Amino acid sequence: MVTGGGIGEGVAGHAIWSGTMALVRQLTGRQIEIVDPRPQAALKDPKPLGQGISYRVRGKLRRLTKDHRIWLLIENERTGEIWPQGFQAVQYDPSNGEWEGRVNPWDGEVRIHAVVAPPTADDFFRYFQQVGDHLKEWRSLRRIPVECINRATVQASKP
């Protein structure tokens, strides 16, 4: 009789698989990168956005898989809350593999995540934005969806 593995084996297997896929993406140039801002640097190119200010984030991704989208998210490091930045879609240029988007951070230090969202996560982020737009109230996410395994993170600060 064969029995299933425990939870630990499943978590370890997932971690090994995720690590292996990240290495493959890195070696093939399919790993998303954030190139601006650099770690611990100040955000640039402020533009008014409602009551706040948005800042430019740029990166590289050699190839964006069909039906996938790049999303930017900001994380409150004190609370762990995640906020998708759907007020302006990230623009991707397949001819040079460069992308650009904007974030709207609320205080000095901010952790920015760039994720390649498969269709299910893209639908989820779009729904988050639509509900927020409708209610004029946005609640945070507790985590980045697990299917967003191709991601990059940088910590930056408001000027």
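In the predicted model, Asp45 is partly exposed, with a relative accessible area of 28%. This residue forms a salt bridge with Arg102, and the closest N and O atoms of the two side chains lie 3.1 Å apart. The pair connects distant parts of the chain, since Asp45 belongs to strand S2 (residues 44-49) and Arg102 to strand S7, with their positions 57 residues apart in sequence. Arg102, unlike its partner, counts as buried, because its relative accessible area of 5% falls under the 20% limit for that class.

A second salt bridge joins the side chains of Asp36 and Lys44, at 3.5 Å from N to O. Here the acidic residue, Asp36, is buried at 8% relative accessibility, whereas Lys44 is partly exposed, with a relative accessible area of 44%. Both pairs belong to a network of salt bridges that links Asp36, Lys44, Asp45, Arg56 and Arg102. In total, the structure holds seven salt bridges. Another of them is formed by Arg139 and Glu137, whose closest N and O atoms are 2.9 Å apart. Arg139 counts as exposed at 61% relative accessibility, and Glu137 as partly exposed at 41%.

The overall organisation of the chain provides the setting for these pairs. The chain contains two helices and nine strands, and from the N terminus on its elements follow the order α-β-β-β-β-β-β-β-β-α-β. Of its 159 residues, 35% count as buried. Among the contacts in the chain with a separation of 6 or more, 73% are accounted for by residues 24 or more positions apart. The area exposed by the chain is about 9900 Å², of which carbon and sulfur atoms supply 54%.

Strand S2, which contains Asp45, runs antiparallel to S3, and four bridges join the two strands. Within this arrangement, Pro48 stands opposite Ile53 in S3. The hairpin formed by S2 and S3 has two residues between the strands, and Gly50 takes a positive phi near 60 degrees in it.

In soluble globular proteins, nonpolar side chains tend to be buried together. The largest nonpolar core of the model comprises 19 residues, of which Ile32, Ile34, Val57, Leu72, Trp99 and Ile112 touch the most other members. Two or more residues are contributed to this core by each of strand S3 (52-60), strand S4 (69-75), strand S7 (98-103), strand S8 (109-117) and strand S9 (151-157). The largest share, four residues, comes from S8. The surroundings of Val57 can be described in detail: when residues up to four places away in sequence are not counted, Val57 touches Ile34, Asp36, Pro37, Leu72, Trp99, Glu100, Gly101, Val103 and Ile112. Asp36, one of the residues touched by Val57, is also a member of the salt-bridge network described above. Apart from the largest core lies another one, of 11 residues, which includes Trp71, Ala121, Phe125 and Ile144.

Two of the named members of this other core, Trp71 and Phe125, also take part in aromatic pairing. A search of the whole structure finds three aromatic pairs. The ring centres of Trp71 and Phe125 are 5.1 Å apart and the ring planes stand at 45 degrees, so the pair is classed as tilted. Because Trp71 lies in strand S4 and Phe125 in helix H2 (residues 119-135), the pair ties together parts of the chain that are 54 residues apart in sequence. Trp71 and Phe125 are both buried. The rings of Phe124 and Phe125 likewise form a tilted pair, with their centres 6.0 Å apart and their planes at 50 degrees. The two phenylalanines are placed in separate accessibility classes, as Phe124 is partly exposed, with a relative accessible area of 38%, while Phe125 is buried, with a relative accessible area of 0%. Through these ring pairs, Trp71, Phe124 and Phe125 are linked into a cluster.

How values were computed. Residues numbered from 1 in each chain as written. Predicted model: local features only at pLDDT ≥ 70, side-chain atom pairs only at ≥ 80, totals over all residues. Heavy atoms only, no water. Core = buried A, V, L, I, M, F, W, Y, C linked by side-chain atoms within 4.5 Å. Buried < 20%, exposed > 50% of the residue type's maximum accessible area, 1.4 Å probe, protein only. Contact = heavy atoms within 4.5 Å. Salt bridge = Lys/Arg side-chain N within 4 Å of Asp/Glu carboxyl O. Areas by Shrake-Rupley, 256 points an atom, 1.4 Å probe, with all protein chains shown as cover. Phe/Tyr/Trp six-rings, centres within 6.5 Å; stacked < 30°, edge-to-face > 60°. Pairing = 2+ DSSP bridges.
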